[in-house]
Amino acid sequence: MQAENVIKEKHAGDIEQLKFIFSDENRIIVTAPAGCGKTTAMVSKIARELSNGHILSNKKILAMTFSVNAAMKIKDSLKALLPELVENIQKYLAKVDVANYHNFAMRILFKHGYCLNGEFTHLSDFKIVDEDSPLLNTFITSADSDKLKKVNDAVKASNKEELIAALDDYWDILNRKLITNHVITYNGILISAIKLLRETQISSFYKQYYQMIIIDEFQDTNLLGYLLIKKLIGNNMIIFLGDDVQKIYGFLGAVNGIFNLIIETCPVIEIKFCNNYRFRENNRMKVLDLFIRDCVENFQPSNLKASVLVKNLQSDHEEDDFIVKGIEKIVSTKEDKVAVLVRAGWQGNSVAQILDQKGILYFNALFKETDPEYISFYNIALEEFHNNVLGKAVQRNLKNCLLAVDARRNEIYQQESKKYIFESMYKLLEILFVESKKVSGTSRDKYDYIDFILGNKGLKHMMEFVDEQVVLTTIHAAKGLEWEYVIIPRLNGFAFPSSHMCRSCKEANSCNEGFDYCKFTYAQSLKKAFKEELSILYVGITRAKKNVFFTVNTGANKWNHSKTTSCLLNLEGLILEDYEWENAI
């Protein structure tokens, strides 16, 4: 009862959160806009279920999500918030397993994979590769490659019928030609786990073992993730948390309307969090939040009105100089942090060059997860971690690991222009090792914490702890992070929205284009693409605690035509306000 009283006091006045936390329903969907306290409520729900004995002594809770960063956020939130609610935190933490989909699938394969193929007993020696890795060509034919591609294409297109039709061929190639050679793809990990969970004995065990399963950021789930989750649903409590407006991984196959799939397949109660704590005292940002959400949810011009601060300049160079002046103004406070968030990494390179010239310290996270240097860093960091740390994360061994990685920097990058990728990733690795000291438990627990992050390419989660007041990164990489101020540049057509979206828009005649502007006219064929661009914008906006600033320029492009302002700035009801840094900060 003591824990329940603490929880009630913590969430006093928030009817929706209390309804969720104290619900005994077995199927719950929680939709929560940014800043509405979803993570805090989730931790309180876990504390309530554990403290009142609903989770038996030999059972557990599984908290699972799409990305490793989101999984790490759950882990960190449990450690930070549980002590406010319950005593003996280690006892409670031990009752909660946290994983992203691939990590959970790997756990199943380590434990039961031999039932599918005896080579899975050597899973720790496997090479995990992307679907288009050249390594695959060593073991499979071009015809095989086409069959693997069918699955990957079906996942990205969220085409369930084509995916189901192609799965058997995929598994046959995976089983006969890849697993036997200790190679597995990321899709293959999920497909293998799904195949295992078709075994009634195995799936029944997990349905009973995990009396409560929480799926966070459910809107980012692709079809393979969805099929994996379905295999875990029995008489246990299943909670789906997320926000369709924050679905920004459509290009990776995040399923449109995935919450409706759950509603259509089983009885479920729906709870929507409404209290925006992040912008409670910031009316401009609160109104802007509601406006963008309205446009995404209804796919039509909003009846609401909102204002944004937009600086329209005459050239790329002028825009970059203006951004850097804003950065200088913000960092002069010595307190506030600012992030320049771009739609695509290349859009921030010219700002980085000026910051370098001026000697302004910043953290550069403009690299892509497909960059060879990024991939190589992880491979070497993980190898040296295993070679030097040997199962126990003591500081002396971690220092040796850092030295070993640094000694191999020439293997990671050859071009001077790519040096920043190594330096940024190395800094995140240093931060990870420092943060691992805060992990409760033994040196083995700390080792497992580090191994989980490196093994799942989750170092970007450590951006939360960088010392620099200035961060340059993409909106996708910024999800889950916050800064006092956010600057979003290049609000031009073919930049934000993407060129792919803009070309499709022109072909569908869904834009009223002027000399230097473009207005979207809501063609149904572009509903998915436009909503995703708005969702990306929404995620960028809601990373700001105090204010968000937009910049755009209508100077000449490389074909000497005037660039247009983005249709995202020309939404009906959106008022554009000019600003100068002297008055805006």
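The largest cavity in this predicted model holds about 100 Å³ of space. Its lining consists of 13 residues, and the closest to the cavity centre are G493, F494, C502, C511 and C518. Two elements, α22 (499–507) and β14 (511–513), each give two or more residues to this lining. Helix α22 supplies the largest share, four residues. By residue class, the lining of the largest cavity is made up of eight nonpolar, three polar and two charged residues.

How many cavities of 30 Å³ or more does the count give? The count comes to two, and the second largest cavity holds about 60 Å³ of space. The residues that line the second largest cavity are L167, D168, W171, I191, I194, K195 and R198. Here the elements that give two or more residues to the lining are α8 (160–178) and α9 (186–196). Four of the lining residues of the second largest cavity are nonpolar, none is polar and three are charged.

The table sets out the volume and the lining classes of each cavity.

| Cavity | Volume | Nonpolar lining residues | Polar lining residues | Charged lining residues |
|---|---|---|---|---|
| Largest cavity | about 100 Å³ | eight residues | three residues | two residues |
| Second largest cavity | about 60 Å³ | four residues | no residues | three residues |

In terms of secondary structure, the lining of the largest cavity takes two or more residues from each of α22 and β14, whereas for the second largest cavity the elements that do so are α8 and α9.

Methods:
Residues numbered from 1 in each chain as written. Predicted model: local features only at pLDDT ≥ 70, side-chain atom pairs only at ≥ 80, totals over all residues. Heavy atoms only, no water. 1 Å grid on protein atoms, 1.4 Å probe; cavity = no way out; pocket = protein on both sides within 12 Å on 5 of 7 lines; lining within 4 Å. Points joined across faces, edges and corners; volume = space filled by probe spheres on them. Nonpolar A, V, L, I, M, F, W, Y, C, P; charged D, E, K, R; others polar.
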